[in-house]
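Okay, thanks everyone, let me put my structure up on the screen. I'll talk you through it piece by piece, so keep it open while I go.

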Amino acid sequence: MTDRRLWSYKDIAAHIRVQPDTVRSYRKHGLLPAPDHVEGGKPYWYADTIRAWVASRPGNRGRRVD
């Protein structure tokens, strides 16, 4: 089943347990995937996009993030 919810910086930050500014920095430095949707100039990502990104991040020692 595909999770089509759109996540903002705040949602991503909560998922990976960091501050929203950290997620913005990831994007600025090219570490975050391209947004799936942009609305009013604000980027959003599908939850599945972020879960796949988290799973492939360096240092992801098989941690499970709910």
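One bit of vocabulary before I start: when I say exposed I mean over 50% relative accessible area, and buried means under 20%. And keep in mind that this is a predicted model.

So, the overview. The chain has three helices and three strands, and along the sequence they run β-α-α-β-β-α. There are 66 residues in the chain, and 26% of them count as buried. The accessible surface is about 4800 Å², with 49% of that belonging to carbon and sulfur atoms. For the contact-map people: take the contacts with a separation of 6 or more, and 51% of them are between residues 24 or more positions apart.

Now, helix α1, residues 9–16. Which residues of α1 are buried? You've got Tyr9, Ile12, Ala13, His15 and Ile16. Look down the axis of α1 and those buried residues sit within an arc of 160°, so they line one face of the helix. Flip to the other side of α1 and you find Lys10 and Ala14, which are exposed. What covers the buried residues of α1? The cover includes β1 at 6–7, α2 at 20–28, β3 at 42–46 and α3 at 47–56.

Right after α1 comes arginine 17, sitting in the loop between α1 and α2. Check the backbone there: arginine 17 isn't a glycine, and yet its phi is positive, about 60°. Buried or exposed, then, for arginine 17? Exposed, with a relative accessible area of 65%.

On to the sheet. It's an open sheet of three strands, ordered β1-β3-β2, with antiparallel pairing. The edges are β1 and β2, the latter being residues 37–39, and each of those pairs on one side only. As a quick reminder, strands of a sheet pair through backbone hydrogen bonds, either parallel or antiparallel. Here β1 and β3 pair in the antiparallel sense over two bridges. If you want to click on one, leucine 6 has tyrosine 46 in β3 as its bridge partner.

Next, the inside. The largest nonpolar core has 13 residues, and the ones touching the most other members are Ile12, Ile16, Val23, Leu32, Trp45, Ile50 and Trp53. The elements giving two or more residues to this core are α1, α2 and α3. Let me pick out isoleucine 50. Which residues is isoleucine 50 in contact with, leaving aside its neighbours within four places in sequence? Trp7, Ile12, His15, Leu32 and Trp45. Two of those names, Ile12 and His15, were on the buried list for α1.

Last thing, the rings. The structure holds two aromatic pairs, and I'll show you one of them. Tyrosine 9 and tryptophan 45 form a tilted pair, 5.5 Å centre to centre with 55° between the planes. Tyrosine 9 is in helix α1 and tryptophan 45 is in strand β3, so the pair ties together parts that are 36 residues apart in sequence. Tyrosine 9 and tryptophan 45 are both buried, and Trp45 also turned up among the core residues that touch the most other members.

That's my tour, so over to you for questions.

Key. Residues numbered from 1 in each chain as written. Predicted model: local features only at pLDDT ≥ 70, side-chain atom pairs only at ≥ 80, totals over all residues. Heavy atoms only, no water. Buried < 20%, exposed > 50% of the residue type's maximum accessible area, 1.4 Å probe, protein only. Helix = DSSP H or I, 4+ residues; strand = E, 2+ residues; numbered from the N terminus. Arc of directions from axis to C-beta. Contact = heavy atoms within 4.5 Å. Areas by Shrake-Rupley, 256 points an atom, 1.4 Å probe, with all protein chains shown as cover. Pairing = 2+ DSSP bridges. Core = buried A, V, L, I, M, F, W, Y, C linked by side-chain atoms within 4.5 Å. Phe/Tyr/Trp six-rings, centres within 6.5 Å; stacked < 30°, edge-to-face > 60°.
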